[in-house]
Amino acid sequence: MIKIGFKDLMLSKEILKAIEDMGFEEPSPIQARAIPILMEGKDVIGQAQTGTGKTAAFGIPVLEKIKSENKKLQALILCPTRELAIQVSEELRRLSKYKNNIKILPIYGGQPIERQIKALKKGIHIIVGTPGRVMDHMRRNTLNMDNINIAILDEADEMLDMGFRDDIEKILKEIPKERQTVMFSATMPKPILELTKKYQKNPQLVKVVHKQLTVPNIEQIYFEVKEKTKLEVLSRLIDMYNPKLSLVFCNTKKRVDELVSQLQGRGYFADGLHGDMKQSQRDKVMAKFRNGTIEILVATDVAARGIDVYDVEAVFNYDLPRDEEYYVHRIGRTGRAGKAGRAFNFVVGKEIYKLKEIQKYTKTKIVRQDIPTINDVEEIRTNLYLEKVKAVLKEGNMTKYIKYIERLLEEDYTSIDIAAALLKIAMGEQSKEDFELDDEFENTGAEPGMVRLFINIGKKHKIKAKDIVGAIAGETGLSGKLIGIIDVFDRYTFVEVPREYAKEVLMIMKNNKIKGKRINIEPANSR
Ligand SMILES: Nc1ncnc2c1ncn2[C@@H]1O[C@H](COP(=O)(O)OP(=O)(O)OP(=O)(O)O)[C@@H](O)[C@H]1O
Ligand SMILES: [Mg+2]
């Protein structure tokens, strides 16, 4: 088969330049096949696996079709969630970098409608919106749909599903009939294909066929767990694999909130995303996740469709999804654009049958693994350190350090003992086992095995419990789950840490700052 390049797709030089800036070397299969058909003006049903560039597959032809000198609205893209509407409009902005007179506007609920109306008045060529808000504008007559000649439904199956179907129908009825109608998704359940007949004219089915519905570069694993142990298993997996970013799916908003506070309590940088949150809050969380301030995003299925965040290395189905399609979309948040990813599934009791259904539907094998023991976590952690040591050895450049080690060798220590001692320090484990209890740690009122530390955080602080736990975990290198928080009171708080770590925490945190504020920390018995 001849490889098609972007240059073969009859694109304008502005688009080709933007594609190059974005680092796309060659079109993905769905792009190579769908772009020419869309450029011809035909209706398309496009299906291809998650993370394979469907956005640009419809985005590039849309941008090429816009006549920017005409200040009228010419294209409408509908997306199921606000986060996706924002993301798609960002991708279009990047693609239109050198066609900078094309105006693109995302419109979604939660944002003040007046602001959107004002922006619309300036002349917008492409709208990327959620059905609800687009309907809102239609009712207010703030959208002139008369010149739209292409309508795109991203995540078409989800959008046509239940709740949105009426809205979509009303919106499409407002758009002139001689339009192009396009639908894209990674899944196209049969009943939905039948529905498209109603909206599309002689649609071309562009399906990038694969045996599996999910991408092969995602390693898929399941664990048989008890409901009670899910949190512990999740923590161990995160400690073990140390993914840059993780996405954890729960089935309800309540479960999301619960898990977020449990993870924060264990010192992880976690936050939640679900439909009950205010838009501004949702935007903040997404932005923090994209820039890595939040490392674990716990979400309902609002984050399952279309969301493209670069460093998501692991997806957890903390609760198995209710239907098979959602499995495909959820795990598809990792392993995007050819990168590797891992998907972990927690299976409780009879849910194993559900998992079998999922495997049948996706035509993939999800491999069973034993729950990692604390020793496994330790083993993997150690391996990570040893890998680091090897990397430094490979780099060389150690003359300076060799000199120091020679001093110890002269004192009759063996090199193997010295190396072991250094590793112990590097792994933050020095003096743990032979730690002697000082009197100051007696009677602090903590749980058995723990020591309570008093922290004075001063007046008018904006420090939250999770900041404190997070800072202690970060500064001391102790995994956050070893530290418990009691509560943040007016000017002070207590934390509980395991006895063997108390001295170390105290030493490191003395004169330390949390959120830029100097804290005062001491054993709680002196209170
Ligand atoms: N030709 C290409 N070469 C390299 N990267 C690409 C190419 N096309 C798109 N990408 C990048 O791949 C990532 C995934 O693309 P996109 O979000 O469009 O996937 P999708 O097919 O819509 O997935 P989903 O089904 O999850 O919505 C994006 O970061 C995008 O910028
Ligand atoms: Mg997409």
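Which loop holds G123?

**View 1. G123 sits in the loop between α5 and β4 of this predicted model.** Here α5 covers 113–121 and β4 covers 126–129, with G123 in the loop that joins them. Is G123 buried or exposed? It has 12 other C-beta atoms within 10 Å, so G123 lands in the exposed class, since the cut-off for exposed is 12 or fewer. For a sense of distance, pick A57 as the partner: the two are 66 residues apart in sequence, and their C-alpha atoms are 25 Å apart in space.

**View 2. The whole chain, before we zoom in again, has 19 helices and 20 strands.** Its C-alpha atoms fill a box of roughly 85 × 55 × 50 Å along the principal axes. Of the 527 residues, 40% are buried. The domain assignment cuts the chain into domain 1 (6–207), domain 2 (218–371), domain 3 (375–426) and domain 4 (439–526). If you take centres over C-alpha atoms, domain 1 and domain 4 are 51 Å apart.

**View 3. Ligand 1 lies between domain 1 and domain 2.** Which residues come closest to ligand 1? Those are F24, G53, K54, T55 and A337, out of 18 residues that surround the ligand. Helix α3 (residues 54–65) gives the largest share of the shell, 3 residues. Sorted by class, the shell has 6 nonpolar, 9 polar and 3 charged residues. Why say that the ligand is between the domains? Because both domain 1 (6–207) and domain 2 (218–371) give residues to its shell.

**View 4. Residues 4–32 carry two UniProt annotations, both from an unreviewed entry.** One record labels the span "domain: DEAD-box RNA helicase Q", and the other reads "short sequence motif: Q motif". In the model, this stretch is 45% helix and 0% strand. Its end C-alpha atoms are 7 Å apart.

**View 5. The largest nonpolar core has 101 residues.** Which of its members touch the most others? I77, I126, V248 and V298 do. Helix α3 supplies the largest share of this core, 6 residues. Domain 1 (6–207) and domain 2 (218–371) both give residues to the core, so it lies between them. As background, nonpolar side chains in soluble globular proteins tend to be buried together.

**View 6. V248, one of those well-connected core members, is in strand β9.** With 25 C-beta neighbours inside 10 Å, V248 counts as buried, the threshold being 20 or more. Try G272 as a reference point: V248 and G272 are 24 residues apart in sequence, with 9.2 Å between their C-alpha atoms. UniProt also puts a feature here, "domain: Helicase C-terminal", at residues 217–378 (unreviewed entry). That span is 39% helix and 22% strand, and its end C-alpha atoms lie 26 Å apart.

**View 7. N141 and N242 each have a positive phi.** For background, most residues other than glycine have a negative phi. Phi of N141 is near 60°, and phi of N242 is near 50°. N141 belongs to the loop between α6 (131–139) and β5 (150–154), whereas N242 is in the loop between α10 (230–241) and β9 (245–249). How do their surroundings look? N141 has 7 C-beta neighbours inside 10 Å and so counts as exposed. N242 has 14 other C-beta atoms within 10 Å, which means that it is partly exposed.

**View 8. Helix α18 runs over residues 465–476.** What span should its 12 residues have at 1.5 Å a residue? The expected figure is 16 Å, and the end C-alpha atoms are 17 Å apart, so the two agree. The multiplier is one less than the number of residues, in case you want to redo the sum. Buried positions in α18 are K466, I468, V469, G470, I472, A473 and T476. Keep in mind that an α-helix has 3.6 residues a turn, so residues three or four places apart point the same way. Just after α18 comes G477, with a positive phi of about 75°.

Notes: Residues numbered from 1 in each chain as written. Chains lettered and ligands numbered in written order. Predicted model: local features only at pLDDT ≥ 70, side-chain atom pairs only at ≥ 80, totals over all residues. UniProt positions renumbered as here; feature names shortened; annotations may be inferred. Helix = DSSP H or I, 4+ residues; strand = E, 2+ residues; numbered from the N terminus. Near = placed C-beta within 6 Å. Nonpolar A, V, L, I, M, F, W, Y, C, P; charged D, E, K, R; others polar. Domains from an automatic or database assignment. Core = buried A, V, L, I, M, F, W, Y, C linked by C-beta atoms within 7 Å.
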